[in-house]
Amino acid sequence: MENKSILLVLALFLWCITIPVHSEYHSEGNIKALHLKEKVTHLHFYLFDILSGKDPTAVQIAQPNITLGSSKSATPFGHLYAIDDPLRDGPNESSKVIGNAQGLYLSSSKSENLTLVLYVDFGFTTGKFKGSSLSVFSRNPVTEPKPRELAVVGGRGKFRLARGYAKVKTHFLDFKNGDAILEYDVTVLHY
């Protein structure tokens, strides 16, 4: 009887000190309610993707576990690369570094036309956008002669809530070792 009394008193005590809380894990509204002004920003830079030499900026981290024929490409189908590529303000190795591109790309084409799928964060380390970055998730048919369009799907810092596109042209490509210099013209909407 004594145990039942103690349990009853304890239960009554816990019931009395428990305060019902009603909360939601989200709220609804629209971006205009935040009174943010949308901006358009244009950026122009060069990405240096180096697979060769003693200090490459892109390295293979995975490959298929089957043989897929005798590809002569430096980036054969199914190979996955991690990158930390410098972004420069010009096409020369002596051009000023303004940031870096970090992420992954997958060689996604079985044909001789090199196509990559990119998952890359373009981080800026100098200038007006220092500490900010843009996120690109897109398909890049590298060997197309005309500029390719990649999707900008987000960003951080001054590019928070960014969306837009990047026009990419191959400035230089060495088919033997995979080294490339890519010219980026980026247009983004952000707040």
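Trainee: Is Lys167 buried, partly exposed or exposed in this predicted model?

Mentor: The model is predicted, and its accessibility values are computed from the atoms. A residue is buried under 20% relative accessible area and exposed over 50%, with partly exposed in between. Lys167 has a relative accessible area of 34%, so the residue counts as partly exposed.

Trainee: Which residue forms a salt bridge with Lys167?

Mentor: The closest N and O atoms of the pair are 3.7 Å apart, and a salt bridge requires a separation within 4 Å. Lys167 is in strand S8 and its partner is in strand S7, 18 residues apart. The partner counts as partly exposed at 48% relative accessibility. The residue in question is Glu149.

Trainee: How many salt bridges does a search of the whole structure find?

Mentor: One of them is the pair of Glu149 and Lys167. In another, the side chains of Arg163 and Glu38 meet at 2.6 Å, N to O. Arg163 lies in strand S8 and Glu38 in the loop between helix H1 and S1, 125 residues apart. The search of the whole structure finds 3.

Trainee: Which residue meets Lys169 in a salt bridge, and is this partner buried or exposed?

Mentor: The side chains of Lys169 and Glu183 meet at 3.8 Å, N to O. Lys169 lies in strand S8 and Glu183 in strand S9, so the pair ties together parts that are 14 residues apart in sequence. Lys169 counts as partly exposed at 36% relative accessibility. At 13% relative accessibility, the partner Glu183 counts as buried.

Trainee: What is the pattern of helices and strands along the sequence?

Mentor: The secondary structure of the chain comes to 1 helix and 9 strands. Helix H1 covers residues 2–17, and strand S1 covers residues 39–49. Read along the sequence, the pattern is α-β-β-β-β-β-β-β-β-β.

Trainee: How is the aromatic pair of Phe45 and Phe122 classed?

Mentor: The search of the whole structure finds 8 aromatic pairs. In the pair of Phe45 and Phe122, the rings are 5.8 Å apart, centre to centre, with 50° between the planes. Planes under 30 degrees apart count as stacked and those over 60 as edge-to-face. The pair of Phe45 and Phe122 is therefore classed as tilted.

Trainee: Which residues do ring pairs link into a cluster with Phe45 and Phe122?

Mentor: Phe45 counts as buried at 1% relative accessibility, and Phe122 counts as buried at 2%. Phe45 is in strand S1 and Phe122 in strand S5, 77 residues apart. Ring pairs link these two into a cluster with Phe124, Phe129, Phe159 and Tyr184.

Trainee: The charged end of which residue sits over the ring of Phe48?

Mentor: For a charge to sit over a ring, the NZ of Lys or the CZ of Arg must be within 6 Å of the ring centre. Here the charged end is 5.1 Å from the centre of the Phe48 ring. The residue is Arg88.

Trainee: What is the accessible area of the nonpolar patch that includes Tyr119?

Mentor: Tyr119 is found in strand S5 and counts as partly exposed at 36% relative accessibility. The other members of the patch are Val59, Ile61, Leu104, Phe137 and Val153. Together the patch has an accessible area of about 520 Å².

Trainee: What is the phi of Leu161?

Mentor: Most residues other than glycine have a negative phi. Leu161 is not a glycine, yet its phi is positive. Leu161 is found in the loop between strand S7 and strand S8 and counts as partly exposed at 44% relative accessibility. Its phi is about 65°.

Trainee: With which residues is Leu114 in contact, leaving aside its neighbours within four places in sequence?

Mentor: Leu114 has its place in the loop between strand S4 and S5. With a relative accessible area of 14%, Leu114 is buried. Its contacts are Thr75, Ser107, Asn140, Pro141, Val142 and Thr143.

Trainee: What percentage of the residues in the chain is buried?

Mentor: Leu114, at 14% relative accessible area, is one buried residue, whereas Ala151 counts as partly exposed at 28%. The chain has 191 residues, and the buried ones make up 34%.

Definitions and conventions:
Residues are numbered from 1 along each chain as its sequence is written. This is a predicted model: local features need pLDDT of at least 70, side-chain atom pairs count only at pLDDT 80 or more; totals for chains, interfaces and linings use all residues. Side-chain values use heavy atoms; hydrogens and water are left out. Rings of Phe, Tyr and Trp (its six-membered ring) pair if their centres lie within 6.5 Å; planes under 30 degrees apart count as stacked, over 60 as edge-to-face and the rest as tilted. Helices (H or I, at least four residues) and strands (E, at least two) are DSSP runs, numbered from the N terminus. Buried means under 20% relative accessible area, exposed over 50%, partly exposed in between (1.4 Å probe, protein chains only). A charge sits over a ring if NZ of Lys or CZ of Arg is within 6 Å of the ring centre and within 35 degrees of the ring normal. Contact means heavy atoms within 4.5 Å. Patches are made of residues with over 30% relative accessible area and no salt bridge: like charges are joined within 9 Å, nonpolar side chains (Val, Leu, Ile, Met, Phe, Trp, Tyr) within 5 Å. Accessible areas come from the Shrake-Rupley method with a 1.4 Å probe; for residues, only the protein chains shown count as cover.
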